[in-house]
Amino acid sequence: MQDPGTFSLARHRPPKALISLVPMIDVMLILLVFFMVTSTYLNLDMIPAVKRADDPSQSVPQSTEGAGTTLMIRIGADGIPTLRGVGMETPALEALFIDRLQSSSALRVLVLPSGAADMQALVSVLDAATRAGVTNLRVVRLEVAE
Amino acid sequence: MKLSRPVTKQPPETIVALIDVVFFLLVFFMLIGRMDATAPFDVSPPTAATGADMPSGGITVSVSAEGDLAVDGIAVDDSALDSRVEERLAGTSETLVRINAHRDAELRHVLPLVTRLEALGARDVVLVVTPEPAPPVR
């Protein structure tokens with residue numbers, strides 16, 4: 001029983017947090033682990049094979065001037081590029097492109113790879129041509145006539 | 001008279017710093033990671049020194065060293081490739097298709113794909129490559 005001459009002051013209860021942080025931390029940790037596990041860190045580049053500008057319906061017919069500046073590079077089944085039957089290493093091929101570009105800036109390069117050649121062989125030839133500054137390059141392939 | 005030293009209350013370890021660190025890590029992984037579907041087989045793209053930056057979006061057709069095919073990470077037969085690509089192209093406004101071929105894949109498996117994809121409505125077809133490793137610094 002309380003003494004009538006005294007009175008007590010009740011301490012205010014601290015207000016309860018409206019939103020708990022713990023679920024948010026849980027969700028963030030799950031997201032973090034998800035992105036860490038599913039992310040891949042391969043540095044990928046690309047070489048265009050078909051561009052919108054290649055659409056034949058929109059292309060301007062090219063003149064046949066400079067028809068003698070076409071270079072046909074074959075890629076054998078062993079992946080070695082050949083020019084008129086002579087096999088060439090990639091640096092020699094690049095030097096050849098540079099040499100031909102000096103005599104004719106409108107050099108056109110056609111690459112005819114064997115179906116048994118691997119992807120790296122084709123990309124190496126495309127790479128050498130691009131490094132040399134060739135801007136007109138086509139990859140052609142043979143199709144069985146129906 | 002004995003005076004007792006007032007007990008200093010240790011401040012509670014703040015959880016805000018932890019949240020900050022986790023949040024930065026989360027944003028870091030979201031920014032640098034690629035969310036592409038991986039192929040169901042091993043694909044090591046060929047190396048090239050003159051590759052351009054990879055555009056985002058589009059459809060990825062993977063080709064294994066043996067010629068197996070996959071569209072956006074799902075293996076498909078050669079006969080089902082056209083319908084699968086058509087379905088994917090119809091579901092989006094993207095007309096970009098990436099050919100992610102293994103460096104040892106034979107070109108008879110890869111080159112006809114370009115023509116097929118173009119006939120299916122792809123307006124941009126690119127070959128996926130990896131940059132050549134930089135030469136060691138002497």
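Me: Let's start small. Which residue in S7(B) is the bridge partner of A:Val50?

Reply: B:Val125 is the bridge partner of A:Val50. Before we go on, a word on what you are looking at. This is a predicted model, where local features need pLDDT of at least 70 and side-chain atom pairs count only at pLDDT 80 or more, while totals for chains, interfaces and linings use all residues. Residues are numbered from 1 along each chain as its sequence is written, and chains are lettered from A and ligands numbered from 1 in the order in which they are written.

Me: What does a label like S7(B) stand for, and when do two strands pair?

Reply: Helices (H or I, at least four residues) and strands (E, at least two) are DSSP runs, numbered from the N terminus. Two strands pair if DSSP finds at least two bridges between them. Here, strand S1 (residues 45-50) of chain A pairs with S7(B) over five bridges, in the antiparallel sense.

Me: How many residues of each chain are in contact across the two chains?

Reply: First, the idea: two residues are in contact if their C-beta atoms, placed from the backbone, lie within 7 Å. In this model, 35 residues of chain A are in contact with 44 residues of chain B. On the chain B side, the elements that give two or more residues are helix H1 (16-32), strand S2 (52-53), strand S6 (96-101), helix H3 (107-119) and strand S7 (124-131). S7(B) gives the largest share, eight residues. Sorted by class, that side has 27 nonpolar, six polar and 11 charged residues. As for the classes, Ala, Val, Leu, Ile, Met, Phe, Trp, Tyr, Cys and Pro count as nonpolar, Asp, Glu, Lys and Arg as charged, and the others, Gly among them, as polar.

Me: And what is in the largest nonpolar core?

Reply: A nonpolar core is a set of buried Ala, Val, Leu, Ile, Met, Phe, Trp, Tyr and Cys residues joined through C-beta atoms within 7 Å. A residue is buried if 20 or more other C-beta atoms lie within 10 Å of its own, exposed if 12 or fewer, and partly exposed in between. The largest core has 44 residues, and the ones that touch the most other members are A:Leu122, A:Val125, B:Val61, B:Val97, B:Ile99, B:Val110 and B:Leu127. Helix H3 (residues 119-132) of chain A gives the most to this core, eight residues. Leaving out residues up to four places away in sequence, A:Val125 touches A:Ile73, A:Ile75, A:Pro81, A:Leu93 and A:Val111.

Me: How do H2(A) and H3(A) cross?

Reply: Axes are lines fitted to C-alpha atoms, for helices over the stretch in contact, and angles run from 0 to 180 degrees between N-to-C directions. The axes of helix H2 (residues 90-103) of chain A and H3(A) come within 9 Å and cross at roughly 40°. The crossing is right-handed; a crossing gets that name if the near helix is turned clockwise from the far one, and it is left-handed if the turn is anticlockwise, by less than a right angle. Among the residues that meet here are A:Leu93 and A:Phe97 in H2(A), and A:Val125 and A:Ala128 in H3(A). The contact divides into eight nonpolar, two polar and two charged residues.

Me: Which strands stand at the edges of the open sheet in chain A?

Reply: That sheet has five strands in the order S4-S3-S2-S5-S6, with mixed pairing. S4 and S6 of chain A are at the edges with a single partner strand each, so one side of each has no neighbour in the sheet. S3(A) and S4(A) pair in the antiparallel sense over two bridges, and A:Thr82 has A:Gly87 as its bridge partner in S4(A).

Me: What should I make of phi at A:Arg84?

Reply: Most residues other than glycine have a negative phi. A:Arg84 has a positive phi, near 50°, and lies in the loop between strand S3 (81-83) and strand S4 (86-87) of chain A. A:Arg84 counts as exposed because it has 8 C-beta neighbours inside 10 Å. In chain B, B:Asp72 also has a positive phi, of about 50°. B:Asp72 sits in the loop between strand S4 (69-71) and strand S5 (74-76) of chain B, and counts as partly exposed, with 17 C-beta neighbours inside 10 Å.
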